[in-house]
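Biologist: I would like a close look at a single part of this model, taken slowly and with the cut-offs stated.

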Amino acid sequence: MGKTPFNLTNRAGFPMIDSMQNITSKPVGSPRILAIANQKGGVGKTTTAVNLATALAAVGKKVLLIDLDPQGNASTGLGVKRSGMAYSAYDLFFEDDAFRASVQPTKVPGLSIVPSSMHLAGAEIELVTAEMRESRLKSALSNASGFDYVLMDCPPSLSLITLNAFVAADAVLVPLQCEFYALEGLSQLVKTIERVKGKFNPALEIQGLVLTMVDRRNNLSGAVEADVRGHFGDKVYKTIIPRNVRLSEAPSYGLPAIVYDMKCVGSKAYINLAKEVIRREREHVRKAA
Ligand SMILES: Nc1ncnc2c1ncn2[C@@H]1O[C@H](COP(=O)(O)OP(=O)(O)O)[C@@H](O)[C@H]1O
Ligand SMILES: [Mg+2]
């Protein structure tokens with residue numbers, strides 16, 4: 001278990017509060033809603049969703065994580081048992097007024113979750129013939145006041161569930177695995193975001209792209225990073241997430257890495273990413289004012 005004891009009942013136990021306390025995001029009314037998406041599997045979406053959500057909660061934000069992947073890795077990674085739940089993310093699409101009932105607390109103070117269920121796999125098919133099929137999640141999230149941030153962990157596809165996430169979102173955060181094929185498929189993702197922007201959600205933007213599983217000892221990593229930064233410039237967060245075994249161990253304990261071992265390089269990187277995300281949010285609010 002973690003090298004450092006982590007007092008889950010006491011926010012003051014979070015070490016990053018000191019370094020983050022001067023950073024504030026917009027005052028809260030309705031939450032900022034971020035979709036964490038990339039249609040490729042295994043690029044670090046869930047790891048990013050869980051640890052970013054935890055880091056934001058650690059600085060006093062009220063955070064909701066919605067697990068939209070039928071595989072439910074974000075739910076199990078936060079120690080939430082998926083059996084025996086009355087409501088899940090599935091119900092957000094099909095059950096009016098399911099929002100409040102589907103929100104559950106987690107062991108992390110300030111972080112709630114709407115867990116996934118296997119039914120979500122069927123939701124794709126059910127949505128095809130449903131009315132307002134692209135905006136059902138958006139309607140459900142109109143009840144999400146009281147949260148500062150809603151993070152949505154998307155499935156590895158550009159399916160109707162991901163489309164619903166883009167229609168409901170203020171912005172998209174794209175994890176990119178730092179490998180030779182990092183940019184492959186990205187144009188399709190960007191086109192989908194543009195299409196949603198044009199048709200359903202004019203304010204949608206890419207909050208940023210984050211390079212994950214970076215191995216600085218590997219020459220290719222540097223070349224890929226340069227390539228991605230060359231394509232997307234400032235949209236790429238300065239923070240990179242290194243390859244770090246603690247990040248991949250933590251979910252088996254049902255804990256975010258930031259709780260499991262807050263001093264490991266992976267946790268520190270996610271804390272820095274949270275700072276950047278909050279800064280970008282603050283910038284967004286300043287521009288909108
Ligand atoms: N920075 C990292 N270092 C080491 N392992 C990682 C890192 N990020 C993710 N992983 C591991 O890689 C696998 C895929 O990551 P995951 O976040 O589940 O991706 P996705 O949600 O995009 O499918 C998981 O086993 C996860 O624990
Ligand atoms: Mg995932």
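Biologist: Which residue in S7 is the bridge partner of Leu173?

Modeller: This is a predicted model, in which local features need pLDDT of at least 70 and side-chain atom pairs count only at pLDDT 80 or more, while totals for chains, interfaces and linings use all residues. Residues are numbered from 1 along each chain as its sequence is written, and chains are lettered from A and ligands numbered from 1 in the order in which they are written.

The bridge partner of Leu173 in S7 is Gly208. That bridge belongs to the parallel pairing of strand S6 (residues 171-177) with S7, which runs over 7 bridges; two strands pair if DSSP finds at least two bridges between them, and the elements are DSSP runs numbered from the N terminus, helices being H or I with at least four residues and strands E with at least two. Together with helix H9 (residues 186-199), S6 and S7 form a right-handed β-α-β unit, where right-handed means that, with the strands pointing away from the viewer, the path from the first strand over the helix to the second runs clockwise.

As for the surroundings, strand S7 (residues 205-212) is largely enclosed by the rest of the structure, because 6 of its 8 residues are buried. Here a residue is buried if 20 or more other C-beta atoms, placed from the backbone, lie within 10 Å of its own, exposed if 12 or fewer do, and partly exposed in between.

S6 and H9 are also among the elements that cover the buried residues of helix H8, as are strand S1 (32-36), helix H6 (119-128), helix H7 (136-141) and strand S5 (149-153). With 9 of its 9 residues buried, helix H8 (residues 160-168) is therefore largely enclosed by the rest of the structure. One of these buried residues is Ala165, which, leaving aside residues up to four places away in sequence, touches Ala35, Ala37, Leu68, Leu137, Met152 and Cys154; contact requires C-beta atoms, placed from the backbone, within 7 Å.

Ala165 and Leu151 have the most contacts inside the largest nonpolar core, which has 86 residues, a core being a set of buried Ala, Val, Leu, Ile, Met, Phe, Trp, Tyr and Cys residues joined through C-beta atoms within 7 Å. Helix H2 (residues 45-58) gives the most to this core, with 8 residues. In soluble globular proteins, nonpolar side chains tend to be buried together.

Definitions and conventions:
Two residues are in contact if their C-beta atoms, placed from the backbone, lie within 7 Å.
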